Amino acid sequence: MSFKRFLSTASLVCTALFASANGFAIDYVQNALARENISLNGQWNRIIDPYENGYYNHRYQPHTTEGYFKNAQMKTPSDLIEYNFATADKIQVPGDWNTQEEQLFLYEGTVWYQKDFALTKQADKRYIVHFGAVNYQAMVYINGVKVGSHEGGFTSFQFDITDYVKQGENSIVVKADNRRERNQIPTVNTDWWNYGGITRSVAILELPATYVEDYTVQLSGSDTTAIVAKVALAGSNVKQGGSVKVSIPELNIQEVITLNKKGEGQITAKANPQLWTPEAPKLYDVTIAFNGELIRDRIGFRTIAVDGEDILLNGKSVFLRGISIHEESPLHDGRAWNEDDARTLLRWAKELGCNFVRLAHYPHNETMVKMADEMGLLVWSEIPVYWTVMFEDKAVYAKAEKQLTEMITRDKNRASIILWSMANETPSHKARLTFITKLAKKARSLDDTRLITAAMDTQGNTANGKIIDDPLVAAMDVIGVNSYCGWYGGTPESCGNILWESKYNKPVIVSEFGAGALQGLHGDKDERWTEEYQASVYEHNIAMLEKMTALRGATPWILKDFRSPRRPLPDIQDFWNRKGLLSEQGIRKKAWYLLNAYYSKKEESSN
Ligand code: GCU
């Protein structure tokens, strides 16, 4: 039975907007760093606090007046204050702490951040503090008062601090804690480095008293001749009504949205946009004007759908020539966060012959997905429901759902993102099925304009090879399969003979395959860790892929060697996962050329 499902924009975001009224969705200022803002990037003062002495007293009760969040200064020589941010060591923001100081390389615990900032406070403005991400737990204080806390190391969050900031000098303090706990998302065991700290940009947004908080500008479902623009206000007087101007000059769109009593509204405008594709990533300048604020964005228009085993981009079947990427900088040690990091990683993917990237295993920074829009790479974006999270625990589910909502809310206007991934390599059992099926349902309620997937390693064995029969697939649009034939099982040569069956009439993406190799280490093709062994694994896995009838894409593991605390093998790994096609310096290994040749052939055959 061919099953055609075009995904209408009608329900995109409106669910989220209305849901915010009942506090389910998050309040989030869309496209935050494009707003009027004071950047707090740069040098901060820092205090390492392994015993959380700055937060708890000796009775292990949270401090009320004494805590480091007070940023207290001695007033008289006899004052007793046993910390001092002003004379403390410095740390760069954005940036993980692990690669900034040797003593913090393996540190898991609390670090306090403090920075002074000057503000010319205006009565008719609102002030929102925006964090791109803090790993893992963050508590934020303005002038000694707690303004909010956040859990989850890979999604943006904001607090309205208008009532806490004052004219002139202000102090912001952040308690960042990257300790791993069983009931977190991700949980205690991951194959990536637990980089701690304020890892992405921080800014104070200065917005009109009532402002456009949320907006979506997308095609109207599969109708490529109509654009829907939705807006929602926030701030002091949402019910004031009025109108918002939406302009897309290149499409002669100059529309006025009349707001309803809830401060929401939308229009549909006829237009004939050039559709966004990786080969021609056409973006349109969009402006949204309200209450003296002019918001600028660059948005592409495209449709994405599934039809049986096909993935249709703008109605045309597409093969996703991809690679998996961790959010590690190609230019310096540690977390990636800026444009140069993003441009370089995506250029490396393009050079490999990719039109698609899997951003593993957590939402990457906003700069990365905007760069994918600009450079023309389709994106798989994922939340870190990774391996053995506590699926039975309702509170853990709520954490996963919140991260999912934060991811979708931040990136819903990005044309490059076509897939929301709910999870990676989770064990097949009832609680997990319920947990992830519920997440998929939530994702569709927030955004049913994109495809839902998950990376699974639950395939069964058959006489001829493998069978995809995981019940979780029922909740997915696209099947993600992780398979490590030739590395975690079988010889490289055996992989080419494996035949894959699927119980489902759905597209398959092989979301991981690969092997480790130390760049520059050469030997026989059956000698582990040599480039020849890795190349052999690629040769035979590519032969296996070519036999998979439902295959519509691949994101081999992985673009670049990356840090992992699970990889201690001396002189080979030294805390690096060596499955990159590039070394951590970006040097190509033999297998790089095999995948590049395979993708050039694929590209030719798709033209
Ligand atoms: C897993 C997992 C990755 C991990 C990789 C590996 O499949 O999804 O996060 O790094 O295998 O073992 O190298």
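**Exercise 1. Is Ser-483 buried or exposed, and what is around this residue?**

Solution. Ser-483 has a relative accessible area of 7%, so this residue is buried. The cut-off behind that step is that buried means under 20% relative accessible area. Bear in mind, here and in what follows, that this is a predicted model. Next, place the residue: Ser-483 lies in the loop between β31 (478-482) and β32 (499-502). Finally, look for its neighbours. Leaving out residues up to four places away in sequence, Ser-483 touches Gln-459, Trp-500, Glu-512, Phe-513 and Met-544.

**Exercise 2. Classify Pro-570 as buried or exposed, and say where this residue sits.**

Solution. Start with the position: Pro-570 belongs to the loop between β35 (562-563) and β36 (576-577). Then take the accessibility. Pro-570 has 53% relative accessibility, so this proline counts as exposed; the cut-off for exposed is over 50%. For a sense of distance, pick Ile-498 as a second point. Pro-570 and Ile-498 are 72 residues apart in sequence, and their C-alpha atoms are 33 Å apart in space.

**Exercise 3. Work out which side of helix α7 is buried and what covers it.**

Solution. Begin with the helix itself. Helix α7 covers residues 590-606, which makes 17 residues, and spans 25 Å from its first C-alpha to its last, close to the 24 Å expected at 1.5 Å a residue. Now list the buried residues: Ala-591, Trp-592, Leu-595, Tyr-598, Tyr-599 and Lys-602. Because these residues cover an arc of only 135° around the axis, they are on the same side of α7. The spacing behind this is a general one: an α-helix has 3.6 residues a turn, so residues three or four places apart point the same way.

Then turn to the opposite face. Turned away from the buried side of α7 are the exposed residues Lys-601 and Glu-604. Last, find the cover: the buried residues of α7 are covered by elements including β24 (320-325), α2 (339-352), α6 (531-546) and β34 (551-554).

**Exercise 4. Trace the open sheet that contains β6 and β13, and find its edge strands.**

Solution. The sheet has four strands in the order β2-β13-β6-β10, and the pairing is antiparallel. Its edge strands are β2 (37-39) and β10 (157-160), each of which pairs on one side only. From one strand to the next, the twist averages 20°. Now zoom in on one pair. Strands β6 (residues 125-131) and β13 (residues 202-208) run antiparallel and are joined by seven bridges. To find this pair on screen, select Val-129, whose bridge partner in β13 is Ile-204.

**Exercise 5. Which strands are joined to β8 by bridges, and how many of its residues are buried?**

Solution. Take the partners in turn. Six bridges connect β8 with strand β9 (residues 145-151), and the two run antiparallel; here Tyr-141 stands opposite Lys-146. Another six bridges connect β8 with β11, again antiparallel, and in β11 Lys-175 is the bridge partner of Met-139. As for burial, β8 is mostly covered, with five of its six residues buried. The hairpin of β8 and β9 has two residues between the strands, and Asn-143 takes a positive phi near 50° in this hairpin.

**Exercise 6. Find the backbone features at Tyr-136, Pro-186, Asn-314 and Trp-529.**

Solution. Check omega for the peptide bonds. The bond from Asn-135 to Tyr-136 is cis, with omega near 20°, and Tyr-136 is in the loop between β7 (134-135) and β8 (137-142). Ile-185 and Pro-186 are also joined by a cis peptide bond, with omega about 0°.

Now check phi. Asn-314 has a phi near 55°, positive in a residue other than glycine; with a relative accessible area of 22%, Asn-314 is partly exposed. Trp-529 has a positive phi near 75° and is buried, with a relative accessible area of 17%.

**Exercise 7. Judge how compact the whole chain is.**

Solution. Count the secondary structure: seven helices and 36 strands. The radius of gyration is 25 Å, close to the 25 Å from the globule rule for 607 residues, so the chain is as compact as a globular protein of that length. Buried residues account for 61% of the 607 residues. Of the contacts between residues at least 6 apart in sequence, 73% join residues at least 24 apart.

Notes. Residues numbered from 1 in each chain as written. Predicted model: local features only at pLDDT ≥ 70, side-chain atom pairs only at ≥ 80, totals over all residues. Heavy atoms only, no water. Buried < 20%, exposed > 50% of the residue type's maximum accessible area, 1.4 Å probe, protein only. Expected span 1.5 Å × (residues − 1). Arc of directions from axis to C-beta. Contact = heavy atoms within 4.5 Å. Pairing = 2+ DSSP bridges. Axes fitted to C-alpha atoms, helices over the stretch in contact; angles between N-to-C directions. Rg over C-alpha atoms; globule rule 2.2 N^0.38 Å.
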